[in-house]
Amino acid sequence: SNPLPTDVICGRGGGALRHAGNLTYRNIVALNKGLYTTCKKSDKLKISRSIVAAIRETNGRFLEQDSVTKLWNDIGDKMAVEKTSQ
């Protein structure tokens, strides 16, 4: 299905930057940035997981558009945590 306001759009471009879910996601990331930069690596993973969980709790999905079919697919928690940890 098409992205909802609670979803995070994975990818580059203005659409992803301006999407409501991405704005919420970036705000959550910004709130955790200070703690993230000063903690141990094992704790960084916990912070990334908690950010993904916060999005999921609002029924948000992490979506990527298939370049061939143009359908939106959830990338799953593992990839969402990896992207959050970048």
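**Group meeting: a walk through the predicted model**

Let me begin with one residue, N22, which has its place in helix α2. Please keep in mind throughout that what we are looking at is a predicted model. With a relative accessibility of 6%, N22 counts as buried, since the cut-off for that word is under 20%. If we set aside residues up to four places away in sequence, the residues that N22 touches are D7, V8, I9 and A16.

Let me step back to the whole chain. It contains four helices and three strands, and if you follow the sequence from its start, these elements come in the pattern β-α-α-α-β-β-α. For 86 residues, a compact globule would be expected to have a radius of gyration near 12 Å, and the 13 Å of this chain therefore agrees with that expectation. Taken along the principal axes, the box that the C-alpha atoms fill is roughly 40 × 25 × 20 Å. Of the 86 residues, 30% are buried. If we take the contacts between residues at least 6 apart in sequence, 47% of them join residues that are at least 24 apart.

A word on the surface and the charges. The chain exposes about 5,800 Å², and 57% of that area is supplied by carbon and sulfur atoms. There are 14 positive and 8 negative charges, and the mean positions of the two groups lie 8 Å apart.

Now to helix α4, which runs over residues 76-84 and whose buried residues are A80, V81 and T84. Why do these residues fall on the same side of α4? They cover an arc of only 100° around the axis, and that is what places them on the same side. The elements that cover these buried residues include helix α2, at residues 20-38, helix α3, at 41-57, and strand β2, at 62-65.

Also in helix α4 we find D77, which is partly exposed, as its relative accessible area is 45%. Leaving out residues up to four places away in sequence, D77 touches V52 and R56. In the case of R56, the two residues are 21 apart in sequence, while their C-alpha atoms are 9.2 Å apart in space.

Next, the loop between α3 and β2, where T58 has its place. T58 is partly exposed, with a relative accessible area of 44%. Which distance separates the C-alpha atoms of T58 and T6, given that these residues are 52 apart along the chain? The separation is 6.7 Å.

In the loop between α3 and β2 we also find N59, which at a relative accessible area of 63% is exposed, the cut-off here being over 50%. The backbone deserves a careful look at this point, because most residues other than glycine have a negative phi. N59 is not a glycine, and yet its phi is positive, at about 65°.

The loop between β2 and β3, the latter being the strand at residues 72-74, holds K70. K70 is likewise a residue other than glycine with a positive phi, in this case near 65°.

To close, I would come back to where I started: N22 is a buried residue in helix α2, and helix α2 is among the elements that cover the buried residues of α4.

Notes
Residues numbered from 1 in each chain as written. Predicted model: local features only at pLDDT ≥ 70, side-chain atom pairs only at ≥ 80, totals over all residues. Heavy atoms only, no water. Buried < 20%, exposed > 50% of the residue type's maximum accessible area, 1.4 Å probe, protein only. Helix = DSSP H or I, 4+ residues; strand = E, 2+ residues; numbered from the N terminus. Arc of directions from axis to C-beta. Contact = heavy atoms within 4.5 Å. Rg over C-alpha atoms; globule rule 2.2 N^0.38 Å. Areas by Shrake-Rupley, 256 points an atom, 1.4 Å probe, with all protein chains shown as cover. Lys, Arg positive; Asp, Glu negative; His and termini not counted. Charge placed at Lys NZ, Arg CZ, Asp CG, Glu CD.
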